[in-house]
Amino acid sequence: MRTRGQSHGRPWLHWLGAALLALPALALANADVEKNIADSKNWAMQAGDMANQRYSQLKQIDTSNVGKMQVAWTFSTGVLRGHEGSPLVIGDMMYLHSPFPNKVFAIDLTSQKIVWKYEPKQDPAVIPQMCCDTVNRGVAYAEGKVILQQADSMLVALDAKTGKVLWSVKNGDPKLGAVNTNAPHIFKDKVITGISGGEWGVRGFLAAYDLNTGKQVWKAFSTGPDAEMLMDPDKTMTWTDGKMAPVGKDSSLKTWKGDQWKNGGGTTWGWYSYDKALNLVYYGTGNPSTWNPAQRPGDNKWSMTVFARDVDTGMAKWAYQMTPYDEWDFDGVNEMILADIDVKGKPTKALVHFDRNGFGYTLDRETGALLVAEKYDPQVNWATNVDMKTGRPQVVAKYSTAKGGPDVNTKGICPAALGTKDQQPASYDPETKLFYVPTNHVCMDYEPFQVEYTAGQPYVGATLSMFPAPGSHGGMGNFITWDAGNGKIVQSKAEKFSVWSGVLNTAGGLSCYGTLEGYLKCVDKKDISKELFKFKTPSGIIGNVFTYEHKGKQYIGVYSGIGGWAGIGMAAGLEKDQDGLGAVGGYRELSQYTELGGSLTVFALPN
């Protein structure tokens, strides 16, 4: 940079040079994504925004008229597996995705004409390498590109006008079980993606690719040596003894036996969020491999962890492990919702996470400090509480599958492995200051067994049975509102089956979600016991409710297409109760209420 003398008596030049040099340090989100999000007529990201709030300012459809909604149009994807995620809407165009083979459609909203269709040629051998159905959680959009993360791990950029492939890059090896189900996310000039395959002993990671070229910028593993995890032993912080402290050297290696971290799981197939001011990306890591805890003594860091990383370098600023030495398959991949809320009366830049383990966590998203950890289903019994000093759950010996040991069936654990909530995302409403959470109300019996690692083969090592939470309302789901500042359930609405759909809240006073039988429901967000709209779509709903406006009219839409873990029996034609990692028996009754199908149903008020 010039010195003052070199600026020839023009100090503003010196100032300008300094300002320009400082520009890269300014936290800039992707300007195109930000512009698209700011226009509430669009649904520009899978969660509607970078904070994963799933809230829309649209209010043409409200509590007074939502009951009059009618089907405006429908679209079949032509695929009969589980439909997760949602389409995106940018201007006059809608971009839809499907489960394997991961078709993408561009639809003109004015004519409902298919402008282009992309159907990748993927090896069907990928299908049996996918643990819990062939789902895909959706595409991303920025700067005229539609980004798709295919099941076979290819990350693809498509021209939004033509569907032509602009670049593609291989993210993992499906032959080893490293497949993909997550939605890519675009933060700044990077496409962020993860990996699936924890049930195959895949070593999890998060990776960033250049939006314009597809070149890999960084890759951060969940387990292993510090350098490969992009962790600084002295600067990456974690909750220790009631305060934040450095993780220290070899923080992961010390918690695994020998080389087990190489097949350690900690996969990253959930949702990612981004804080522009802090320049941090947030996400969770999944279960350690195998499901037989006797084979992997130790805390198994950093599986089951919330990570905050610098989006430019991938370096971890902080990490918090929710379930050390996981004995129940309580993946930690569920979304991190960023919201500025009062926590115990104090204004806080919070991160709120509803973990599979049944605890709702509130952390300081800047520092990583643990603020709240409470059960968001009273039936959760595997732990009494989270010790706020250590951050560790206090495990009940009766429900410890490690204590029972291999070939012992530990009975009556709540929640089941699919968690009090799986990946189906919650919403946050800035008006009510509450979180709206779709939950599973399911328990399990869990019997671990010895299993050897073979590359490309399942590496599970447990047999499960699932059933509705006993001594309760008899159903398998609840839709709840949650006060994250105090860790309390405000309201709970019982459902017959798990609520396996992403929630949408709107400025029109609505909270909308889908059910496994196939109902789209909208309730009054101030009193969720008031069901204002209910419509049975063609198949069970595991997709996420979204909304957009076109030509002055608001629409609310959702995918239906039963599948995913809860619906794997129907999606994959499985019969035995313990198939589908225990879900087939648990959800057997579903087939009496719905059937396979893959379609989008879009609703609007009558003209």
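## Strands and hairpins in a predicted model

Leu-158 stands opposite Val-165 in β10. That pair is a good place to begin a walk through this structure, which is a predicted model.

The two strands around this pair are β9 and β10 (residues 165-170), and they are joined in the antiparallel sense over 5 bridges. Between β9 and β10 lie 5 residues, and together the two strands form a hairpin. In the turn of that hairpin, Gly-163 has a positive phi of about 80 degrees.

Now look at β9 from its other pairing. Strand β8 (residues 145-149) is antiparallel to β9 (residues 154-159), with 5 bridges joining them. Here Leu-148 has Val-156 in β9 as its bridge partner. β8 and β9 also form a hairpin, this one with 4 residues between the strands. Its turn holds Ser-153, whose phi is positive at about 85 degrees.

The two hairpins can be set out in a small table:

| Hairpin | Residues between strands | Turn residue with positive phi |
|---|---|---|
| β8 and β9 | 4 residues | Ser-153, about 85 degrees |
| β9 and β10 | 5 residues | Gly-163, about 80 degrees |

Further along the chain, which strands make up the open sheet of 4 strands? Their order is β11-β12-β13-β14, and the pairing is antiparallel. Because β11 (185-187) and β14 (216-221) are at the edges with a single partner strand each, one side of each has no neighbour in the sheet. From one strand to the next, the twist averages 25 degrees.

Within this sheet, β12 (residues 190-193) and β13 (residues 205-210) run antiparallel and are joined by 4 bridges. Lys-190 stands opposite Asp-210 in β13.

Terms used. Residues are numbered from 1 along each chain as its sequence is written. This is a predicted model: local features need pLDDT of at least 70, side-chain atom pairs count only at pLDDT 80 or more; totals for chains, interfaces and linings use all residues. Side-chain values use heavy atoms; hydrogens and water are left out. Two strands pair if DSSP finds at least two bridges between them. Axes are lines fitted to C-alpha atoms, for helices over the stretch in contact, and angles run from 0 to 180 degrees between N-to-C directions.
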